[in-house]
Amino acid sequence: MLEITTIEKSYGKEVQVLKNVSFSLAPSEIIGLIGASGAGKSTIGRILANLEVADKGSILFENQQLIKMSAKKRRQLSKDIQMIFQDPYSALSSRMTVKELIEEALLILKIESSKMARLTLIKEALKLVSLDPDHYLGRYPHELSGGERQRVGVARAIVCNPKLIVADEPTSMLDTSLRLELIALLKSLNEKKGTAFIFITHDIALTQNFCQRLLVLNEGQIVEQGSTEDIILHPKHDFTKKLLSALRKLEAREEVYL
Ligand SMILES: Nc1ncnc2c1ncn2[C@@H]1O[C@H](COP(=O)(O)OP(=O)(O)OP(=O)(O)O)[C@@H](O)[C@H]1O
């Protein structure tokens with residue numbers, strides 16, 4: 001489905017954020033992207049979601065070259081690659097209702113011209129994330145809990161029926177039970193609709209639960225990739241060993257606070 005070859009990305013002349021990043025993703029596959037803060041994980045996600053442009057390299061999505069594609073054609077493809085963000089509080093405009101927020105995605109991507117047909121899609125998306133449309137369509141984000149907001153963010157992403165979702169630490173601001181709920185929801189999307197996922201996370205347990213393969217990013221380069229089990233149980237690269245040990249310490253500390 002996706003074949004990324006030696007992409008590079010710099011901000012300004014001095015900051016090279018991605019150096020030679022290559023990886024691929026099969027249809028319906030779920031991969032995890034882990035790495036230290038600032039390693040360039042979100043930048044990869046943002047490039048795939050058409051929020052940034054890579055400077056060099058090749059991104060083949062279903063055999064279409066995304067780099068150097070015309071802006072119009074690239075926008076049309078955006079419905080196939082959607083992103084879910086970390087912060088359910090800032091990701092949704094406070095002045096729009098749940099219906100308007102989800103409808104906006106359909107309008108931007110010109111997915112359905114009939115108002116009634118759009119409403120049907122919006123209701124279906126809300127049902128898929130277990131929010132009753134009758135209760136939630138007219139609500140504003142400040143009238144929702146963090147978990148409900150994150151579900152609306154997911155509904156907004158899935159209403160376009162994407163083939164790939166880049167989930168950028170979508171659980172990091174949720175408490176443990178909401179985390180598990182969101183993961184169950186994303187898993188069911190993968191099973192029911194075959195949606196592929198790139199999961200950016202610091203959560204090892206979550207990668208073990210959810211991701212088939214892991215990519216380890218350090219300073220803009222993938223230093224190791226393989227099956228989740230292999231990487232977690234038998235990391236080869238020194239950086240992966242250090243990262244996993246740091247993440248485990250972090251998780252242990254979080255458990256103490258819970
Ligand atoms: N628009 C921008 N302009 C300049 N530098 C940027 C911009 N966006 C990101 N960066 C820099 O690029 C680097 C990679 O950022 P990115 O958000 O991809 O990291 P990350 O691995 O997702 O980090 P985190 O885990 O903290 O979210 C960082 O050093 C960041 O400061």
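Student: Which element supplies the largest share of the shell around the ligand?
Tutor: That's α1, with three residues. α1 (41–48) is a helix, meaning a DSSP run of H or I with at least four residues, while a strand is an E run of at least two, and both kinds are numbered from the N terminus. Before we go on, this is a predicted model: local features need pLDDT of at least 70, side-chain atom pairs count only at pLDDT 80 or more, and totals for chains, interfaces and linings use all residues. Residues are numbered from 1 along each chain as its sequence is written.

Student: What makes a residue part of the ligand's surroundings?
Tutor: Its C-beta atom, placed from the backbone, has to lie within 6 Å of the ligand. The residues around the ligand are Y11, V15, V17, G35, S37, G38, A39, G40, K41, S42 and T43. Besides α1, β2 (15–25) supplies at least two of the shell residues.

Student: How many of the shell residues are nonpolar, polar and charged?
Tutor: Four are nonpolar, six polar and one charged. Ala, Val, Leu, Ile, Met, Phe, Trp, Tyr, Cys and Pro count as nonpolar, Asp, Glu, Lys and Arg as charged, and the others, Gly among them, as polar.

Student: Why is α6 called roughly parallel to α7?
Tutor: Helix α6 (residues 146–158) and helix α7 (residues 176–193) pack at about 15°, with axes 10 Å apart. Roughly parallel means under 35 degrees (over 145 is roughly antiparallel, 65 to 115 roughly perpendicular, the rest oblique), so α6 and α7 fit the name. The axes are lines fitted to C-alpha atoms over the stretch in contact, and angles run from 0 to 180 degrees between N-to-C directions.

Student: Which residues of α6 and α7 meet?
Tutor: G146, G147, Q150, V154 and I158 in α6 meet L178, E181, L182, L185 and L189 in α7 (contact means C-beta atoms, placed from the backbone, within 7 Å). Six of these contact residues are nonpolar, three polar and one charged.

Student: What makes β6 and β10 edge strands?
Tutor: The open sheet runs β6-β7-β8-β3-β9-β10, with mixed pairing. β6 (81–84) and β10 (221–227) each have a single partner strand, so one side of each lacks a neighbour in the sheet.

Student: How do you know that β3 and β8 pair?
Tutor: Pairing takes at least two DSSP bridges, and β3 (residues 30–35) has four to β8 (residues 196–200), running parallel. In one of them, I31 partners I198. β9 (residues 213–218) and β10 pass the test too, with six bridges in the antiparallel sense.

How values were computed: Two residues are in contact if their C-beta atoms, placed from the backbone, lie within 7 Å.
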